[in-house]
Amino acid sequence: MDLSIVIPLYNEDESLPELAAWIERVMYENNYTYEIIMVDDGSSDNSWNVIESLRQKNEHIRGIRFQRNYGKSAALNEGFKAAKGDVVITMDADMQDSPDEIPELRKMIVVDGFDMVSGWKKKRFDNKFTKNIPSKLFNAAASSVSKIKLHDFNCGLKAYKNKVVKSVEVYGEMHRYIPVLAKWSGFKKIGEKVVEHRPRKYGVTKFGWNRFVNGFLDLISIMFVGKFSKKPMHVFGLWGSIVFFIGICIWIYLAIAKFAFARFEMTNRPIFYVGLISIVIGTQLFLAGFIGELISRNSADRNTYLIEDKIGLDK
C-alpha cells in the first residue's frame, strides 16, 4: 500500500465529507493505493456517524472511535498502530491542511529519502497576536533546544516512513514533538516543506493559550526523557553524589575545627545546617535515581485507551 492517511479529529462532522472527497480525488489522480484512518477522539457531535456513512461509500476509509476524549497524541498513536502504508501522512480534519500537498510530501519520502517531512505553514491565517507570534516563539525555542532545524513543529501535516511511526510512542501532549521523538529513535533525515495554510471553513479552533504553556513544559520534559529515560541514575545519581559529597566535606571541616581547635560548638554555625541539608538532599537524589532505574526497567504500558468501536479494522 502506498499511503496511510491518519486524521485525528474532535467534533469535526461538518468538514469530514468534503475532506474525504478531496483526499479521494488526489488519490485517484495519482493512482495511489491508500487507506484513510479517521480517529474520532471522543467527539460529542455527529462525527462518528459521518465516518460510518463515508465508509459505506468508500471502502478505503477506516475508523477508530475513542470512548472518551484522550487528546491528539492518543489519536495519532492509535492511528500509527493501524497504519499499513509505506508512507504515512498525518493531517488535521479542519480543512486547514490541503490534501493537494500529499504527492509532493510522499515524493520527498520515497524519492528524496527523508525519514520524515514536516509541513511549514509559512503564511498563516490565524490571529497574529494570539497564535502567530506565540507560535514563532515556541518553534524557535523548540528548534534551539532540540537542534532540529524546523520552522513549524506543531504543523499537523507531516509525512513519515512507516517504520518511523512504528518506532515512536506518542503520549500525553507529545504530538508536537514527533520530530524530536523520531530523532531520539535514530531517524536523522528530517526535512521540511512549505505547505498551504487555509482559513478555517467549519467550526472553531479547539486550542487555546494553554497549549503554548503546556508546549514549553512538554519540551523540557521530552528533552529530559529523551536523554535520561533509560538511565535516570546518570542524572539523579550524579547530582546526588555531588551534593552528598559537599555535605560530607562540610562536616569533616567542622569536625576538624571542633576537635583540633575546640573554638566553637559545631551546631552553633549556620554552615552545619548547610552540610546537613546537603547530605539529606544528596541521599534523596541518589534514591530518586535508583527508583527511576527500577521504574524504567519495569514500566507498564502507558498507551492503553478505551476504544468504543472500529470500522474497516480488526477489533
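**Strand β5, helix α1 and the Asp97 loop**

In β7, Lys193 is the bridge partner of Gly119. That pairing is a handy way into this predicted model, since Gly119 sits on β5 and is buried. Five bridges in total tie β5 to β7 (residues 190–194), and these two strands run parallel. With β6 (residues 158–161) things go the other way: three bridges link that strand to β5, and the pair is antiparallel. Here Met116 is found opposite Tyr160 of β6.

What about the faces of β5? In a regular strand, side chains alternate between the two faces of the sheet. For β5, both faces turn out to be covered, with Met116, Ser118 and Trp120 buried on one side and Val117 and Gly119 buried on the other. Five of the five residues of β5 (residues 116–120) are thus buried, so the strand is largely enclosed by the rest of the structure.

Helix α1 tells a more two-sided story. It covers residues 16–30, 15 residues in all, and its first and last C-alpha atoms are 21 Å apart, close to the 21 Å expected at 1.5 Å a residue. The buried set in α1 is made up of Leu16, Leu19, Ala20, Trp22, Ile23, Val26 and Met27. Looking down the axis of α1, these buried residues stay within an arc of 160°, so they line one face of the helix. Tyr28 and Glu29, by contrast, are on the other side of α1 and are exposed. As for what the buried residues of α1 pack against, the list takes in three strands, β1 (3–9), β2 (34–40) and β3 (61–66), plus the helices α2 (47–57) and α4 (102–110). Just past the end of α1, Asn31 adopts a positive phi of about 55°.

Helix α4 also marks one end of the loop that holds Asp97, with β4 (87–90) at the other end. Loop or not, Asp97 has a relative accessibility of 0%, so it counts as buried; the cut-off for that label is under 20%. Its side chain has polar company. A polar atom of the Asp97 side chain lies 2.9 Å from the backbone nitrogen of Asp92, and there is a side-chain to side-chain polar contact with Lys121 at 3.2 Å. Setting aside neighbours within four places in sequence, the residues in contact with Asp97 are Met91, Asp92, Lys121, Gly156, Leu157 and Arg198.

Note on methods: Residues are numbered from 1 along each chain as its sequence is written. This is a predicted model: local features need pLDDT of at least 70, side-chain atom pairs count only at pLDDT 80 or more; totals for chains, interfaces and linings use all residues. Side-chain values use heavy atoms; hydrogens and water are left out. Buried means under 20% relative accessible area, exposed over 50%, partly exposed in between (1.4 Å probe, protein chains only). Helices (H or I, at least four residues) and strands (E, at least two) are DSSP runs, numbered from the N terminus. Two strands pair if DSSP finds at least two bridges between them. The expected span of a helix is 1.5 Å times one less than its number of residues. The arc is that of the directions from the helix axis to the C-beta atoms. Contact means heavy atoms within 4.5 Å. A polar contact is a pair of N or O atoms within 3.5 Å; within protein, one must be able to donate a hydrogen and the other to accept it, and residues adjacent in sequence count only if both atoms are side-chain atoms.
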